[in-house]
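Please work through the exercises below with the sequence and the 3D structure open beside you. Each task is followed by a solution that goes step by step.

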Amino acid sequence: MLVLGIESSCDETGAAIVKDGRYVLANVVASQTEIHERYGGVVPEVASRQQLAAALPVIETALQQAHCGWEEIDAIAATYGPGLAGSLLVGLTVGKTLALARDLPFLGVNHLEAHIYANWLRQSLDSDPQAGAAEKETERAYLPGDPLFPLVCLIVSGAHSELVLMRDHADYLLLGRTRDDAAGEAFDKVARILGLGYPGGPAIQQAARLAEEELRQQSLPARNPYRLPRAWLRGTYDFSFSGLKTAMLHLAEGLVADQQSGRPLPSGGRQISRYTTMGSEAARRGQIHIGLLAASFQEAIVDVLAVKTRMAAQEYHVRQVLLAGGVAANVALRARLEEELAPLSIQLQYPPIEFCTDNAAMVAAAAFFHLLRGERHDLDLDVEPSLSLPFRQE
Ligand code: KG4
Ligand code: ZN
């Protein structure tokens, strides 16, 4: 079954063609990062205007890349929530209109469910005319299998941080969620505090990596010098990241003040101007080690996410743990969780980077499993900006 997926919940406009919910024949994303960068975040009105212009070209490009005509498409799926109302409306309306015009079944997809189903996706070399036979054989040998139930999924995106138990397809039990900021939101806000730009997650990861590399090269201890709080919220699987964000703000302000009064910094005395973009003169002059601040923050957030996910995996005796959402692209989180799970022989799965952040392939993947069960939506389906996963009550 070939599904055309459409995604426009935030600032990206995506279209993808996916076979049987797994094999990605085309995945096209028109990003607006450069436009929103200068505002330090997404401006909704700007996003939806751009999406209106991008939607049809993105779909046409996806069809071309997949070498497929409309007659081969079996169904159309578009995200209907959660997300920005104006943005969702563009993708949903385009999807429903095309379904009507082409007389194809239509399905609205929950964006969070789509992030989870990114774990079923594989990049298919079969669709790549450049790929040789040997390469295709190797790919088949190394393709990960479908995720195995029961599993725990940690969804960490710009707007959500949820720990969910899945015993089967579309069966979601909420174990815990953030009580304030989402993990991605914390990355974005702290990146802004440190002047590292938008989107914050990749910027923090990069700054932390460079700083840690530099410490290694100078044979300095790789330990992060800044002590940051962790909200464990014991006895629950809930998260809280706003305290960590505030601590970062105070720490950064304190360091600037220390620097201005000539006190030494806890970074082995190193002052590395490459990383110093914090919006203060002292920082700009290269006197505060922004990369180490970023590394300490990343370590604190990853610590809580990895330990709580491992505890849930243990309690519910799952076979696998999945990572989903933009923050699943974080290398430190992947490595730390792998470390936590290895002694328990629980396997960790996460999507390739391009399927972690918003894309339409994951929308088509999630849709496939609903379509298989004969589910469809009527064309009066409306956007639901605050849609949550359909949790079971237990
Ligand atoms: O899933 P996503 O693309 O959009 C939402 O549904 O929200 O997630 C975007 C979030 C942003 O907050 C971004 O900073 C974060 O994912 N992110 C990362 C990384 N790449 C993206 N966070 C940490 N490390 C990364 N490498
Ligand atoms: Zn998302």
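The exercises go from the whole chain to one sheet, and then to the packing of helices.

The model is a predicted one, in which local features need pLDDT of at least 70 and side-chain atom pairs count only at pLDDT 80 or more, whereas totals for chains, interfaces and linings use all residues. Residues are numbered from 1 along each chain as its sequence is written, chains are lettered from A and ligands numbered from 1 in the order in which they are written, and side-chain values use heavy atoms, with hydrogens and water left out.

**Exercise 1. Describe the protein as a whole.**

Begin with secondary structure, where helices (H or I, at least four residues) and strands (E, at least two) are DSSP runs numbered from the N terminus; the protein has 13 helices and 11 strands. Next, take burial, where buried means under 20% relative accessible area, exposed over 50%, and partly exposed in between, with a 1.4 Å probe and protein chains only; of the 394 residues, 55% are buried. Finally, consider the cysteines: the structure holds zero disulfides, a disulfide being a pair of cysteine sulfur atoms within 2.5 Å. Cys-10 is partly exposed at 25% relative accessibility, while Cys-356 is buried, with a relative accessible area of 1%.

**Exercise 2. Work out the order of the five-stranded sheet and the surroundings of strand E7.**

Two strands pair if DSSP finds at least two bridges between them. By this rule, five strands form an open sheet in the order E9-E8-E7-E10-E11, with mixed pairing. Its edge strands, which pair on one side only, are E9 (171-177) and E11 (347-349).

Now look to either side of E7. With E10 (residues 320-324), strand E7 (residues 151-156) pairs in the parallel sense over five bridges; Val-152 has Val-321 as its bridge partner in E10, and Leu-154 has Leu-323. With E8, the pairing of E7 is antiparallel over six bridges, Ile-155 has Glu-162 as its bridge partner there, and a hairpin of four residues joins the two strands.

Then ask how the side chains of E7 are placed. In a regular strand the side chains alternate between the two faces of the sheet. Leu-151, Cys-153 and Ile-155 point one way from E7, Val-152, Leu-154 and Val-156 point the other way, and all are buried. Because six of the six residues of E7 are buried, the strand is largely enclosed by the rest of the structure.

**Exercise 3. Compare the packing of H6 on H7 with that of H10 on H11.**

Two packed helices are described by the angle between their axes and the distance between the axes. Axes are lines fitted to C-alpha atoms, for helices over the stretch in contact, and angles run from 0 to 180 degrees between N-to-C directions; contact means heavy atoms within 4.5 Å.

Helices H6 (residues 183-193) and H7 (residues 200-217) pack at about 65°, with their axes 7 Å apart. In this contact, Phe-187, Asp-188, Val-190 and Ala-191 of H6 meet Gly-200, Gly-201 and Ile-204 of H7.

Helices H10 (residues 290-315) and H11 (residues 331-341) pack at about 35°, with their axes 9 Å apart. Among the residues that meet here are Val-302 and Leu-305 in H10 and Leu-333 and Leu-337 in H11.

As a last step, locate Leu-292, which lies in H10 and counts as buried at 1% relative accessibility. Its C-alpha atom is separated by 9.9 Å from that of Ile-204, 88 residues apart along the chain.
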